[in-house]
Each structure stands twice: as C-alpha cells, then as structure tokens.
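Please look over the sequence and the model shown here. The notes after them are meant for reading beside the structure.

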Number of protein chains: 2
Amino acid sequence: MSYKCIYNGVVLTMNASGEIIENGAVVIEGARIVALGNEALMGGYEFEEMIDARGGIIMPGFINGHGHVSMSVFRTLGEDVPNRLQRFLFPLEDRLICENYVRKGAMLGIAEMILGGVTTFVDMYYFEDEVAKAAKEMGMRAIVGETIIDRIAPDAQLPYEGIMHAKALIEKWRGDDLITPALAPHATYSNDEAHLKEICEISKELDVPVLMHVSEMAYEISKFREVYQLSPVQYLDHIGVLNNKLIAAHVVYADEADFALLAKHDVGVVHCVAANAKSGRPVSPVNEMLKRGVKVGLGTDGPMSGNTLDVIGLLDQVAKVQKINEKDNTVLTAREVVEMGTILGAKAIHMDAKVGSLEVGKLADVIIIDTIAPHLQPIYDYYSALVYGAYPQDVVFSMIHGKTVMQDRKLLTGDLPQIIKAVQKISKKIKAEMVEM
Amino acid sequence: MSYKCIYNGVVLTMNASGEIIENGAVVIEGARIVALGNEALMGGYEFEEMIDARGGIIMPGFINGHGHVSMSVFRTLGEDVPNRLQRFLFPLEDRLICENYVRKGAMLGIAEMILGGVTTFVDMYYFEDEVAKAAKEMGMRAIVGETIIDRIAPDAQLPYEGIMHAKALIEKWRGDDLITPALAPHATYSNDEAHLKEICEISKELDVPVLMHVSEMAYEISKFREVYQLSPVQYLDHIGVLNNKLIAAHVVYADEADFALLAKHDVGVVHCVAANAKSGRPVSPVNEMLKRGVKVGLGTDGPMSGNTLDVIGLLDQVAKVQKINEKDNTVLTAREVVEMGTILGAKAIHMDAKVGSLEVGKLADVIIIDTIAPHLQPIYDYYSALVYGAYPQDVVFSMIHGKTVMQDRKLLTGDLPQIIKAVQKISKKIKAEMVEM
C-alpha cells in the first residue's frame, strides 16, 4: 500500500459535528481519505509523500455549484449597461462561440478555480464536451451539463437538439472518476412541459443530474403567475420534475410554499450571490431556505456575471448580504457559511457521499490555506478568518481525487501562461467583432 | 536632477476627465509627479531608477478613509455574537490596550494596507502617537486622530482628556510630510456640545482635520430625534461644527436634508460598506449622496469590524450593495467606484490637492496592478477588472511620497514575519484574558 499524508495544520473537517483538529493529519491512499486525526496517528503508516501544511488550515476543497466557465472569454465586457445580455452577450455567442472558445475559456476558468481552492464545479453551456475534456485534463472534478433550449443555439441547429448532445455526453463520460455528465435544460421558461418531463425521465433512467436556472428572473415569475397561477417551483412540482437529481441555480424568488417543495423533494439549490448582487436582483431568501431544511450551496455563475470564479469570495458576500437583508448581524454564522461552500454545497449538488468534508472513506479533495499573512492574523475563530479574511491567493495547495493539482500557488496540471495567451487571442477577435456591432 | 520612472503599463490617471494612457509612463522627481503620458516622453529624461510595470495597471494608491488599524489585534474575536462590542471589545480594551498593543497592531495593519495598495489611511484610536510613529517608520501616509470621548478611556483618566493628547499629537506632527495629526471626537453622541465646539475651534486654529463617527447607530438617531428633534447631521449644523475640516465616518442614516448640509459645508463622508454590512446595518444611501454632490470615499473601519484593511475589496462590495439596494445594475458604474477608492476618497479626506490621482504636481503615491492572472483576463474594461476582479494580492508595487515601500509583494519598510509574531504574542494574552471573562 502507498500512503500520502497532509500534516502540520489545523484540520477543519466540516463533518456533521464541526470537528476541528489542531496539529492534525490526513492520510490518503489512492483517491480516498483512509485516516484523519491528531498527528500521532501518522506513526502507523509509511508514507510515499508527506505534505507539510506549515501550520495552515487543512480543509475540504470548495464546491462551485453553478457556472458557465467558458464565459470567461467575455469577462468585463459590456459592464454597467442595461440589457447587457441582449445587447452584447447573446449576439456575440451566436456569432462566435465554437468548440475552441469553449475549450480555451474553460481552461482559463478551471485554472482560476484550482488556484482558488475549488475542487468541484458544476457547469452548463454549449459544446459542453469541451468543458469535460478540459476539466479531465486538468485533474478537476466537475458536473458538466449540455444546455437544452427551445431555440437554435451555438451548438444546436434545432430547438431541443441539446437533448441529443446531452445523451452523447452522458454516453461518453458516465462512470468517469472526475467527470459527471448531466442534462441542462436552460431554464423553467425556455423548455416546455413535454421536454422537461422527457429530460426528467432520461435523468432517472441514466442516473445523471439535471441542472437548470430556476426562479431567477422577474419576467419568469410574472409569466408563471400569469399563465399557471403558480410559482416556477410550484409549476415544476405540478409537472412532476422536482426530485433529488435536480440542481436548481439561483432561486432568487421563493416563498414558504416553494421552500417546502424544495425541501420535500430534496432539490439542491445553488445561490449565486455575487452575480445576483451585481445584477441588482432582489436578495434570495437563503437564510430562510436553510432554516426550512433546503440544501443551499454557493455558485459563482459565469465570469461575465460574477466576475470571478472565486468561492472564497462568495463566503464573505453571502454572509454580508444576508445580514443586510435581515438587518441582523447574527444571521448566518461563519461556520454555516463555510458549510455552504463545502459540505452543504456538496449536498446541494447531491455529491456529499463523496466530497464536501474530510472524513474517512470520502474522496481526497483537500486544500491547504496559508494563514501566516497580515490580513489573516491573529485568528480567534477559524471560520471567521476564512469567511471575512481569506482570499483565493491564500490557498497554497490543492489535491483532487488524491492527486496534487496545485502546490505553492503553481498550477501543476496546465500551462498557465499559454492558457492566458490563448484567451487574450480570443478576446482580440471578440473586440474586433464588437466594433462591427 | 534625479528622476524615476514607472513605465510599460496602462496609466489609469483618475483625473477629472478619466484619462487612460495605454503604453504610459509616470515620471517622478523626489516626492512629486513631474510628467506623465505616453512612453515617448521618457526620451526627455535621464533616470536613476526605472520601474517596469510589465503591462499592468499604473494608478494612484487607494485611500482608506476610516479605521482603527490597531484593532487588528482583535480580528475574528467574538464573531456572530449579539452585542460583541459591549460583551468583548470594550472590556478587553479597558483591561489591555496600551502603547505596545497599539503600536504592534498598527504595524500589522499598515503592512496589510501597503501590500494591498493603500497609500493613505485615516485612523482614530487611543495612544494615537504610536500609530503615527508606526506609519512614519513604514513610509505610509496617514491622518491620525487622537480619540476624544466623554468618559475614561484606555489612555485617558478623565473625560475629554483626549483633547490634551490631541494637542500634543498635533504639536509633534504638524508639518510632517507623511503624517497629518487630527482631533477625533469619538461620535456625535459621546461628545457634548461645548466640547464639539471647542474641538472645532482648535481644528480651525491649528488647521487640522476632525474625524468623527456620524449617523452610524440606530440609538444615535433615536437620541437626537428625541432630544433635539434633529438628525445628527442637522444637530452638528445647528451647533456650527459642519465644515471642510470634518471627515464624517459611516453616515448610514441620512436623508435629503442631511445630504444638502453635507454638500453645502463640504463635509467629507467615509462609507464603510464591509463593516456596516457585517453588522447588519441599513444600507447607507451612498449613490443618493453622490448624486447630491456629497464627497463620499471608502473606509475599511477597524479589523474587528471589517475584518480586513482591503480597499480593493470595498470596491466590489460598495458596487454590489448599492445595486442591491436600488435594484438596478446600472447604479454606480465601475469607474465611479474606482473614483471612490482614489480621487473621490482623497476629496472626502480633503487631501485631493496632494493625492488621489496621477497628475503633474501631485505627490507620487503610485501602485502597479499585475493583470496577467487567470481571474483578471481578458480585460475589456479596466475599471470593471479592478472593481469586480482584482485582489490586494494583485498589487505588485507601491510607492508612497516618491519612495518604494513594496515591490514584487515584498514589504520593504518593515520585517513582516516579526510584525506577525509580535501580534500573535499579543493574541495569546488576549485569549488568556478572555478565559477570565
């Protein structure tokens, strides 16, 4: 047997009892955690590799529960303009998005996420196989959903053609140890009832997740209210597609009846605080959902909305926005917020049996946070230090599925300067196209 | 004559016309900027030092308009607890705060700020001479205000004794090229009318700023409403102490009448979005104040409230919180937000004749932001990249008053490991004291 060990740090397990182990160690065999506890347990093993956390925090990697990583190619484009999606994004996507843009954008975003301590991300876009390949090559865990929409799309000549592409994606990637393929009906309002039901059936049959934008837009709420006298969540329940395969992104607009349905059907919710705030949307009732037992994780959304793929930054934002919203500084404790980024995020994407906490038997998705920095010292409370003090740049080590993907801020699974250059080249073409618009 | 030059970058001047100079250069002689423009201008000089910005952003350093930097020793203490100030902070301050704590805490905070691109900070606390000395030693520009309060304080055996200490501080530091001494009456509700008037007279006579917490607390608003039938701002106007020496921190609660008074009397306002949000306070009407011509800058507040001293992080927060508050994504453009952190922040602390923008004749407080990073590429809009994408760690160079204080993320004016160790030692004592409480 060959064992690895991460030691000399404070282990934030994020397990159910919130155990914190000072002078802790995590023992890894292959892709799994086989032991963790006080450093004393290290005496029982011979290690092929020992990773010194140098007094930092050893914790599970962060879960980015919703995004469109390849949209990094559009980052900072058309800011501060009303209808920026209609005016800039959709026309540019129609004219330009291709396999190459999706692949290069995904590589940039995955690099950013690995450097920021994200070890699992959930993505939905076009040409999604390119995202899957990029993630696989870079050693990143991902749920990748091919977009299904009721109109022509960059990779679809016909409405709902995405179902066919999604099936091919699932066929190709099912059973992979890093990549989980998925169906991604774009939104409640851009897929009709028959197709939502069909997608639901396929997901059950093939045992894959369904990713969808739910209760995100004001016009979505108005439409469902007007046409069905139901909220979007109630409508999804009504047509029978709420279940534990569904990962619902955003859920900005929701009430008590919605909370009850989401909890009852074990739907995962991914809250995108940064993107929603920047868009001036109402505040999602996250604290209320959590109290009602809804599993709510965090997502960055795409880098044109977010604008980063930084889950550590979301911790701070969700805490502050919920405290503002409820006018109460005790709403969402720092520990609860770190849970949203880790174990609760894993529950929201229905992967908590495998990732989200450091526990024996779980996959070894582990990061180290260096705490010897002027913005992080002193520490009276580790959770608060992470939520209100830490930056992606404080992550100094990342292991995914037992493999080290970043060490001492160096990405080990991709050529970062080349990745950046490739996207800069693409951005020049986008700028040229914008001159024509 | 001996000249320095910062070149090979995009110069964000932050001047009145918002000029951006690609392939720009800034020429410095002594403490001042003597030329800036296209790199072609470099031909006219011989340089003793040339600083290569490597394609990054060259811009004025950030202004941190309000804080209590030495409170870094309490960072992450007593989080998520109601009445944390009364329960933990005030008793700990009474028992422990001394010259040594203030000095070591200040050094840690100043190190953090220099590493984060802050080149001027405004501080009010006890034993403020220690903050002044630490800033001076570390080459940092600061306005330092000795706290004046109507009760016994860590450095005052009698109420209002702070006036005496403030006079001594002013006597000692007036005319210094980095340190501006100030009077800091703690708040509208903790200084009586006679003393506020006296402080105002001293500030005019000695030509120094006055720093005060204004319209921050719900109980403050209730008190002034009940006793005087006035808002705190109206009260300050009524007693004749609103003027262009005053730097009012927070101003969370304010209405049209207050906006008009603040604008008319040229009062500087420092908005502390991070601290206010974390405290669950109402959202300050920042966008409204700006529209009415009030000069509003940004402040971190103390690191027990904030919890960092990161002005770049405030850019993102103020933009998002104002967009949420007004339910409009076009509120506060990215350019306006960067102005709040630079030239408008300088106006709010009445130092815009000297700092806040890169212009000929101004003091050379200049930073470089490295943009070749996966979270910052591509860039279609420099302001948006800074507001929504940048981190303190992207600042790779800082010059204050013509002197390089940080280069390639290395603090040049202090021994960072020693500074951190000193505060860790203090935090052990604070932890021990808490066990007794």
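The notes below take up the model, the contact between its chains, one helix and several single residues.

This is a predicted model, in which local features need pLDDT of at least 70 and side-chain atom pairs count only at pLDDT 80 or more, while totals for chains, interfaces and linings use all residues. Residues are numbered from 1 along each chain as its sequence is written, and chains are lettered from A and ligands numbered from 1 in the order in which they are written.

**Confidence**
- The average pLDDT of chain A is 97, and 100% of its residues score at least 70; pLDDT is the predictor's confidence in each residue, from 0 to 100.
- For the model, ipTM is 0.97 and pTM is 0.97.

**Symmetry and contact between the chains**
- Chain A superposes on chain B (RMSD 0.0 Å) after a rotation of 180 degrees with 0.0 Å of shift along the axis, which is the relation of a two-fold axis. The superposition is by least squares on the C-alpha atoms of residues with pLDDT of at least 70 in both copies.
- In chain A, the residue that comes closest to the rotation axis is A:Gln393, at 3.5 Å (C-alpha).
- Both copies use the same surface, as 100% of the contact residues of chain A recur in chain B. Two residues are in contact if their C-beta atoms, placed from the backbone, lie within 7 Å.
- Chain A puts 52 residues into the contact, and chain B puts in 52 residues.
- On the side of chain A that touches chain B, α2 (99–115), α9 (273–278), α11 (311–326), α14 (382–389) and α15 (416–436) each supply at least two residues. Of these, α15(A) gives the most, with six residues. Helices (H or I, at least four residues) and strands (E, at least two) are DSSP runs, numbered from the N terminus.
- That side of chain A has 24 nonpolar, 15 polar and 13 charged residues. Ala, Val, Leu, Ile, Met, Phe, Trp, Tyr, Cys and Pro count as nonpolar, Asp, Glu, Lys and Arg as charged, and the others, Gly among them, as polar.

**Helix α5 of chain B**
- α5(B) (residues 193–206) has 14 residues and reaches 20 Å from first C-alpha to last, close to the 20 Å expected at 1.5 Å a residue. The expected span is 1.5 Å times one less than the number of residues.
- Its buried residues are B:Leu196, B:Ile199, B:Cys200 and B:Ser203. They fall within an arc of 100 degrees seen down the helix axis, so they line one face; the arc is that of the directions from the axis to the C-beta atoms.
- A residue is buried if 20 or more other C-beta atoms, placed from the backbone, lie within 10 Å of its own, exposed if 12 or fewer, and partly exposed in between.
- The buried residues of α5(B) pack against β8 (141–148), α4 (162–173), β9 (179–185) and β10 (210–214) of chain B.
- Exposed residues B:Ala194, B:Glu201 and B:Glu205 sit on the face turned away from the buried side of α5(B).

**Single residues in loops**
- A cis peptide bond, with omega about -10 degrees, joins A:Gln377 and A:Pro378. A:Pro378 lies in the loop between β14 (366–369) and α14 of chain A.
- A:His401 is not a glycine, yet has a positive phi of about 55 degrees. A:His401 counts as buried, with 20 C-beta neighbours inside 10 Å.
- B:Thr76, also not a glycine, has a positive phi of about 70 degrees. B:Thr76 lies in the loop between β6 (62–64) and α1 (84–96) of chain B.
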